[in-house]
Amino acid sequence: MIVQVSNLKKHYKKQPVLKGIDITIESPQIIALVGPNGAGKTTLMNCMTNLLPFNEGSVELVGKKNTDASIFYEVSYLQDNRILYGDLTGYDHLKFICHVQKIPLSHIKEVTDRVGMTGYMKKRVRNYSLGMKQHLLLAMSIINKPKLLLLDEPLNGLDPTSAINMRNILLELYEEGTTIILSSHNLDEIDRLTNIIYFMKDGALLKESLQDFSSNQYFVNVDDPLKATTVLKQAGISCTMIEGVISFLEIEVILQNFLDIMKANGITITSIETKKIGAERRYQELFAKEKTDETVAI
Amino acid sequence: MGIRMLQFEVNKIVKTKYFRMLSFILLLFLIAYYVYAYINTTRLEEVVATLEGTLEGMETQLSKIEEGTTDFEIFNNIYEKQRDEADAYKKEDWPAVFNRQIELLPADLDSNIANRQYYTSSFPTLFTMETRRAQYNWLSEKDIEPVFWLWDVSWKTAYDLYYPMAGVGDDDFQRQIVEKYSNQYSSTGIYFTNHVANLFFSMGGVFFFLLLFGDIVTKEGLGTNGSIHLLRTQPINRHSILVSKFLSVMFLSFLFLAGIGVVAVVLGTVFDRLGDWNYPVLVYGEEYSFEFINMGIFILKSGLLFFMVLLFSYSLLFLFSLLTKRTIIALGLTIITILLGMQLADQAVLSSFAHFIPFHYFSTPKIVTMEMAASLKNFNFDYANGMIVLGVGSGILLVATYLLSLFQYKQRV
């Protein structure tokens, strides 16, 4: 068993924060934790790693109780960058982890190359940008090739190139057998990483497979957008046009039908882009009733 | 694992700008203090020049006295002794110099010692003269160059409470003279280290170290999402985090103390000479007894006792750090507790349990020389008791800290 969380309950004073969370993971997966700020995502991860105590329930990671510090030979937790020591270098952090986890120091170069931080690993962390700190946190989390990797907002501060690199690394780790649980506000990235999403709302967990909700949205450029709009309207096809780009959902319009109509009317398609929108769509369905003035950070 | 944790903690401390800045300030202070000691050191050349000046004056006086008269004989005798003394200084014939000083001591010194006439508190007490002669004998036997001047006002002891003028009263001017000339400086390596030990191994030194390591626990962000979470998500026993912090502070303090000693010795050796490891330091005993110990041993013992004072102070700091989780508050409480402890200890100094109070042992040089014991007439204030009391006190505080950490772990939210 990789993760066994049973009836996990936590409350601050009388305010419930986690309301009986159950998670069972038996084989490697990538799971995304999604929910508004304050939903309890970080609290759940902190409870799972024994950084916070809980009031009821039990947590076992990689077959051991979460109070057993030896789990961290096989479990890594990417937290926010406040855990870093500004006066130390990235190398110092990685060396420390190698020492306490009995990992050969030669792994440092390997992991920094993989993350793309070799060039600045000997600089003090206080001089790092947000993205550089995130790189270091990732390197620190994966240097022990964990069986279970928990990531709390791993994409914070990353530029698009770094975000793609992180996504690729996480997918590689998954292929190597690592189970990944991540919380993120970036629903696009989640769609690219996994179909399994645990939505968190008010301390409760709603497990969903996006295979039921996953959908593609198409963005089509044509040589005559006005004509295309007219013929699509006549055919009764629902689509939108923004700045000359026609977009429609896979579940509403069959792509082949669309192509046939374009061809029949002599309209040339110059490009088609596809975007997965399952997480975002489901999120909107679940959290649409949230107050409009609330920060809907997902 | 333990060594690695220690290494990481030490690394974290020494790489901070704050640590480096305070270390640099301390180095500057040592250099400045050395310059002060160097300027205030009386050199042999100065002593010889003064003696020769006196001889010239005496020669002039002598030329005015008719030869063959009794006055001439007496004055010539004094002159010759003065000349011999000046020659001994020039030749650095220290046994001869000390013999001359011993000759100048009162003739009834031995009979007074035999009669144990130690009742007076007026400078120079019998104890002061006895120890002065014993010091000269020690220096003579070991052929050690003394720290100048070798005047009667250059040596005082804890038993000299009053400073009479012409054998009467307590004269401020006389007191100031003795204070001034008995406070001798030497810029040699060993002796300068002795100056540093006397100055630094007390409350000033404790405050410095508390400032240096004051945030060792609290900077981890206890109770918040601080760097402590990095340590707690590693395969490290929770208690070993605090233990490694404590050990790293003690280890660095030890290195710091050793470093201070090395810098002091090097400064003295480079700009003067190494000095004498076995220069005598007076240690008071019961019933006006005494002994001398090597200055090197004195410095080592003072350093070790000061190390125990630091152990005790850090134990307080760790306890308050866990309690308050705020650097300034923890540091403030530690310093206030020490100052209050010393105040209360002073009030209880005559009690039968006074020597069990750790706050009495903060001025370590006075404990090692037992000057404090002699002043308070309580010879339980000694080096061994200091080590034990500070060790036990620290142990109690550390156990309390451990229990508090267990309690906090169970109570965390």
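The exercises below, each with a worked solution, deal with a predicted model of two chains, A and B.

**Exercise 1. Domains**

State which domains the assignment gives for chain A and chain B, and how far apart the centres lie where a distance is available.

Solution.
Step 1. Begin with chain A: the assignment gives domain 1, residues 3-209, and domain 2, residues 216-276.
Step 2. Take the C-alpha centres of domain 1 and domain 2 of chain A; they lie 41 Å apart.
Step 3. Go on to chain B, where domain 1 is made of 2-39 + 189-411, domain 2 of 43-92 and domain 3 of 107-184.
Step 4. For domain 2 and domain 3 of chain B, the C-alpha centres are separated by 25 Å.

**Exercise 2. A sheet in chain A with the order 2-1-4-5**

Work out which strands stand at the edges of the sheet 2-1-4-5 of chain A, and describe what packs on the sheet.

Solution.
Step 1. Read the order: the sheet of chain A is open, has four strands in the order 2-1-4-5, and is paired antiparallel.
Step 2. Find the strands with a single partner strand. These are strand 2 (15-25) and strand 5 (64-65) of chain A, so one side of each has no neighbour in the sheet.
Step 3. Look at one pair. Strand 1 (residues 3-12) and strand 2 of chain A run antiparallel and are joined by eight bridges. Within this pair, A:Lys9 has A:Lys19 of strand 2 as its bridge partner.
Step 4. Add the helix. Helix 1 (residues 41-48) of chain A packs on the sheet and touches strand 1, strand 2 and strand 4 (56-61) of chain A. The direction of helix 1 makes about 60° with that of strand 2 of chain A.
Step 5. Check the backbone of strand 1 of chain A, where A:Asn7 is found. A:Asn7 is not a glycine, yet has a positive phi of about 45°.

**Exercise 3. A sheet in chain A with the order 12-13-11-14**

Describe the sheet 12-13-11-14 of chain A: its pairing, its edges and the turn between neighbouring strands.

Solution.
Step 1. The sheet is open, with four strands in the order 12-13-11-14 and antiparallel pairing.
Step 2. Strand 12 (240-242) and strand 14 (269-276) of chain A each have a single partner strand and stand at the edges, so one side of each lacks a neighbour in the sheet.
Step 3. On average, neighbouring strands of this sheet are turned by 25° against each other, direction ignored.
Step 4. For a specific pair, strand 11 (residues 216-222) and strand 14 of chain A run antiparallel with seven bridges between them. A:Gln217 has its bridge partner, A:Lys275, in strand 14 of chain A.

**Exercise 4. Two helix pairs in chain B**

Classify the pair helix 1 and helix 12 of chain B, then the pair helix 13 and helix 17 of chain B, by angle and handedness.

Solution.
Step 1. The axes of helix 1 (residues 2-14) and helix 12 (residues 238-271) of chain B come within 8 Å and cross at roughly 60°. Helix 1 is therefore oblique to helix 12 of chain B.
Step 2. The crossing of helix 1 and helix 12 of chain B is right-handed. Among the contact residues are B:Leu6 and B:Val10 of helix 1 and B:Leu247 and B:Phe251 of helix 12 of chain B. By class, this contact has seven nonpolar, four polar and two charged residues.
Step 3. Helix 13 (residues 295-324) and helix 17 (residues 383-411) of chain B pack at about 20°, with axes 9 Å apart. The cut-off for roughly parallel is under 35 degrees, so helix 13 counts as roughly parallel to helix 17 of chain B.
Step 4. Helix 13 passes helix 17 of chain B in a left-handed crossing. The contact of these helices has 17 nonpolar, eight polar and one charged residues.

**Exercise 5. The contact between the chains**

Describe the side of chain B that touches chain A by its helices and residue classes.

Solution.
Step 1. The contact takes 21 residues from chain B and 23 residues from chain A.
Step 2. On the side of chain B, helix 1 and helix 11 (228-232) each supply at least two residues. Helix 1 of chain B gives the largest share, four residues.
Step 3. By class, that side has six nonpolar, 10 polar and five charged residues.

**Exercise 6. Cis peptide bonds in chain B**

Locate the cis bonds at B:Pro124 and B:Trp149.

Solution.
Step 1. The bond from B:Phe123 to B:Pro124 is cis, with omega near -10°. B:Pro124 lies in the loop between helix 6 (109-114) and helix 7 (126-141) of chain B.
Step 2. B:Phe148 and B:Trp149 are joined by a cis bond with omega about 5°. B:Trp149 is in the loop between helix 7 and helix 8 (172-182) of chain B.

Technical notes: Residues numbered from 1 in each chain as written. Chains lettered and ligands numbered in written order. Predicted model: local features only at pLDDT ≥ 70, side-chain atom pairs only at ≥ 80, totals over all residues. Axes fitted to C-alpha atoms, helices over the stretch in contact; angles between N-to-C directions. Parallel < 35°, antiparallel > 145°, perpendicular 65-115°, else oblique. Left-handed = near helix turned anticlockwise from the far one by under 90°. Contact = placed C-beta atoms within 7 Å. Nonpolar A, V, L, I, M, F, W, Y, C, P; charged D, E, K, R; others polar. Domains from an automatic or database assignment. Pairing = 2+ DSSP bridges.
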